[in-house]
Amino acid sequence: MLPSMIEIVRDNWLLLLVGQYPNGPLGGIAATLILSVLGIALAFPLSVVMALASLSPWRALRWPVMAMVYVTRGVPLLLIILWVYFVLPLLIGRSVPAFATMLVTLVGYEAAFLSEIVRAGIQALPTGQMDAARALGHSRLGAMRYVILPQALFNMIPSILSQFVSTIKETTLGYIINVPELTFAAGQINNRLLTKPFEVYFILAISYFVVCWTLTQAINMVERRITMRRTRDLAVSALTAIPASASGG
């Protein structure tokens, strides 16, 4: 079985990686990463707006966003993909490519999850941060923009990157609407070979594992650096507070 798997890798790895680009569609890994990066990049600004709306004292802003978040998080992604696939063309009056359909779905889906991460990051900061910013003359929006969000977003980097890894795995559901991502590319290879489904999908599993494991290690490294920076900042704050306490005594 091992020689046959080596043969499959040798003959078909280009299709998994880059496909026939630029004379044909992108390969599975390339399309998966592009779809994941665009999904997170477009969802993040929307998630910040949604998080701020969910923290708003006005119910007209808070309730619709909370309802959208709860519905999105409570419904399987597969159903949302099918809804967008069938409803979006009816709304705009024209057909939508499968890649664009999956991208729109991921943006809305990931925005709901990221908004909860952003909201939790903001609420995790001491309430005195907002009071201090307001005392310095900032409006509530200005304090959120210049004081609260920069600190919260820095602390949320590991969680956002973890959500990116989840997005890579969620792109596999694009297979059902023929999005040319990694699982779809593996299906094409399997249809060519017909007699080696185990080998093909074993290689698919290994490909996902390598990509996600590499990103997870990068996330762990970023998280360690953030922890070291927090520890250093706390130590500096403690050292600068000691002379003030001593002089006051």
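Here is a short conversation about the salt bridges and the cavity in this predicted model.

Biologist: Glad to have a guide here! How many salt bridges does the model have?

Modeller: Happy to help. One of them joins R73 and E116, and E116 also meets R119 in a salt bridge. The count for the predicted model comes to two.

Biologist: Which helices does the pair R73 and E116 link?

Modeller: The closest N and O atoms of R73 and E116 are 3.5 Å apart. In the chain, the two residues lie 43 residues apart, so the pair links distant parts of it. R73 belongs to residues 59-74 and E116 to residues 98-124, which are helix α3 and helix α5.

Biologist: What separates E116 and R119 along helix α5?

Modeller: Their side chains meet in a salt bridge, at 2.8 Å from N to O. E116 and R119 are three residues apart in helix α5, so the separation is about one helical turn.

Biologist: Which residues are linked in a network of salt bridges?

Modeller: E116 forms a salt bridge with R73, and the side chain of E116 also meets that of R119 in a salt bridge. Because E116 takes part in both pairs, the network is made of R73, E116 and R119.

Biologist: Is E116 buried or exposed?

Modeller: Let's start with its partners: R73, at 42% relative accessibility, is partly exposed, and R119, at 23%, is partly exposed too. The cut-off for buried is under 20%. E116 has 18% relative accessibility, so E116 counts as buried.

Biologist: Now for the cavity. What is the volume of the largest cavity?

Modeller: The model has one cavity of 30 Å³ or more. Its lining includes I29, I168 and Y208. The volume is about 40 Å³.

Biologist: Which element gives the most to the lining of the largest cavity?

Modeller: The lining is made up of I29, T32, L33, I168, L182, Y208 and V211. Two elements give two or more residues to this lining, α2 (28-54) and α9 (197-248). With three residues, the element that gives the most is α2.

Biologist: How many nonpolar residues does that lining have?

Modeller: Among the lining residues are I29, L33, L182 and V211, and Ile, Leu and Val count as nonpolar. The lining has no charged residues and one polar residue. The number of nonpolar residues is six.

Note on methods
Residues are numbered from 1 along each chain as its sequence is written. This is a predicted model: local features need pLDDT of at least 70, side-chain atom pairs count only at pLDDT 80 or more; totals for chains, interfaces and linings use all residues. Side-chain values use heavy atoms; hydrogens and water are left out. A salt bridge is a side-chain nitrogen of Lys or Arg within 4 Å of a carboxyl oxygen of Asp or Glu. Helices (H or I, at least four residues) and strands (E, at least two) are DSSP runs, numbered from the N terminus. Buried means under 20% relative accessible area, exposed over 50%, partly exposed in between (1.4 Å probe, protein chains only). On a 1 Å grid over the protein atoms alone, a cavity is a set of points where a 1.4 Å probe fits but cannot get out, and a pocket is an open set with protein on both sides within 12 Å along at least five of seven lines; lining residues have an atom within 4 Å of a point. Grid points are joined across faces, edges and corners, and a volume is the space filled by probe spheres set on the points.
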